[in-house]
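Colleague: I should like a close look at a single part of this model, namely how the helices of one chain pack against one another. Please set that part in the context of the other chain as well.

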Amino acid sequence: MGKDFNKESSSYIFTFAMIICVVCSFSLALVSQGLKAKKETNIALDIKKNILKAVNLEEHLALKASATEIEAAYENKIEELVIDPSGNIVEGKSPKDIVEGESLYPVYVYKEGSQKKAYCFPIVGKGLWSTLYGYLALEPDAMTVRGITYYDHGETPGLGAEIEKDWFQNNFKGKKIWDLKENKLHPVAVVKGKVADKYSGENAQFYVDGISGATMTSKGVTEMIARELNKYEPFFQKIRK
Amino acid sequence: MATTILSKKERKQIKDALWDNNPVTFQILGICSALAVTVQLKTALVMAISLTFVVSMSNVVISILRNKIPSKIRIIVQLSVISSLVILADQFLKAYMYDVSKQLSVFVGLIITNCIVMGRAEAYAMANPPWKSFIDGLGNGLGYSSVLILVATAREILGSGTLLGFPVVPQFLYDIGYVNCGMMVLAPGAFFLLGIIIWVQRAISGYTESN
């Protein structure tokens, strides 16, 4: 570097910052692209694992089930369907074929032999900081929750992130989404605090305990369950008949 | 020891970071992640390796650039280097250890905010040659790791009765009424353990708060 080289001059600072930015972003883009295939396989497998978890398999998968075990269980027990907004099954399509923006929805049917055991569908919605992705499974009566999972979110660990914990997800099992007395949809909702303090008897079956310190995340969960259930209502209506 | 790769000075540098000047127990840095990822040994190990990688590599890169970095923007340059390395580590975890990366969730990303990394970059790498900076980063990474592993081992055994997922507490103990300590699974458990570790270390080294 020459004598008049000035490390603190504006032009040097700008050039230096530019080089750092370009080098950093280029190397990160390279790594991200290089590992893309591997990451996508992981994510696809994780989604299958979560569908299996949501439908609450009768023969539970081991916690550390290998990739092939998960694939096999999924292959044998889950039937993939695609439905249109009026609840009719679209033949010859699988959830993979749904293009973004198309109003077709996936349904995953859990079968033991020829007997239908559960209907599972994706739920997506806003939490406090992030979008929450999960699955909700209903019993064959289409009125009772069989299971719920969340597999991707960016909520605060210990607060909103509790939605991925078993204690929270187990609360949903056996809760109702259909009000038999009034014969209308009554989506299960997350309350603030404990259900036992707010609702008793019949009513309690539509609510689950909230997460303290995570009111916004809980609200998000309630909102997305209601929205998704309404979306799938035409399909479930046919099942209830 | 003539055959050793590290000179006496370098070994002292590492020993310092591990014991006399441990970033966690002496400088009380990086406590937040030390609480969050130490429920199980496996996540703690992955976190320890990731942080050691990030702190040593960022020290090297920043040390190489140290005479070129304009002082006005040095902090943001350090941050760019550190965050690139953190994202790199995160991407590799997502590709090869997906389950662990999900458990670690935001904490790998939060290595960026770990004071140990920025602290070493600013305090050491900006003023020392690459190899020495690497040793310094490695030492501090290992210092952090050792505390993390210690806390995680204790928490997993006491809190869940397992180690790396394998049961270690014999069944007959449960039969005669032993129960896992629930508090160890929660954050306060880590606070108590960390406090005890700092206490024991300071008792041995005879350190007292001056002034």
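Modeller: The answer below begins with helix packing in chain B, passes to the contact between the chains, and ends with chain A.

The model is predicted, and what follows should be read accordingly. The pair to begin with is helix α3 (residues 41-65) of chain B and α4(B), whose axes lie 9 Å apart at an angle of about 145 degrees. The crossing of α3(B) with α4(B) is right-handed. On the side of α3(B), the residues that meet α4(B) are V46(B), S50(B), F53(B), V54(B), M57(B), S58(B), V61(B) and I62(B). From α4(B), the partners are Q78(B), V81(B), I82(B), L85(B), V86(B), A89(B) and L93(B). By class, this contact comprises twelve nonpolar residues and three polar ones, with no charged residue.

A second pair in chain B is formed by helix α1 (residues 8-18) and helix α8 (residues 130-160). Here the angle is about 30 degrees and the axes are 7 Å apart. This crossing, too, is right-handed. Helix α1(B) contributes E10(B), Q13(B), I14(B), D16(B), A17(B) and L18(B) to the contact. Helix α8(B) answers with I135(B), D136(B), L138(B), G139(B), N140(B), L142(B), G143(B) and S146(B). The contact of α1(B) with α8(B) divides into six nonpolar, five polar and three charged residues. Charged residues are thus present between α1(B) and α8(B), whereas the contact of α3(B) with α4(B) has none.

Helix α4(B) also takes part in the contact between the chains. That contact draws 17 residues from chain B and 20 residues from chain A. Within the side of chain B that touches chain A, helix α4 (residues 74-96) gives the most, with eight residues. The chain B side as a whole holds nine nonpolar, five polar and three charged residues. Helix α4(B) therefore has two roles in this description, as it packs against α3(B) and supplies residues to the contact with chain A.

Chain A, the partner in that contact, has six helices and nine strands. Its C-alpha trace spans about 90 × 45 × 35 Å along the principal axes. The radius of gyration of chain A is 23 Å, where a compact globule of 241 residues would have one near 18 Å. Of the 241 residues in chain A, 27% are buried. Among contacts in chain A with a separation of 6 or more, 51% join residues 24 or more positions apart.

Two residues of chain A deserve separate mention for their backbone. A142(A), in the loop between β4 and β5 (145-152), has a positive phi near 60 degrees although A142(A) is not glycine. A142(A) counts as partly exposed because 18 other C-beta atoms lie within 10 Å. N183(A), in the loop between β6 (178-179) and β7 (184-185), likewise has a positive phi, near 55 degrees. N183(A) counts as exposed because 8 other C-beta atoms lie within 10 Å.

As to confidence, the mean pLDDT of chain A is 87, and 97% of its residues reach 70 or more. Among the elements of chain A, strand β4 (residues 131-138) has the highest mean pLDDT, 94, and helix α5 (residues 195-198) the lowest, 85. Where pLDDT is low, predicted coordinates should not be read in detail.

Key: Residues numbered from 1 in each chain as written. Chains lettered and ligands numbered in written order. Predicted model: local features only at pLDDT ≥ 70, side-chain atom pairs only at ≥ 80, totals over all residues. Helix = DSSP H or I, 4+ residues; strand = E, 2+ residues; numbered from the N terminus. Rg over C-alpha atoms; globule rule 2.2 N^0.38 Å. Buried ≥ 20, exposed ≤ 12 C-beta atoms within 10 Å, placed from the backbone. Contact = placed C-beta atoms within 7 Å. Axes fitted to C-alpha atoms, helices over the stretch in contact; angles between N-to-C directions. Left-handed = near helix turned anticlockwise from the far one by under 90°. Nonpolar A, V, L, I, M, F, W, Y, C, P; charged D, E, K, R; others polar. pLDDT = per-residue confidence, 0-100.
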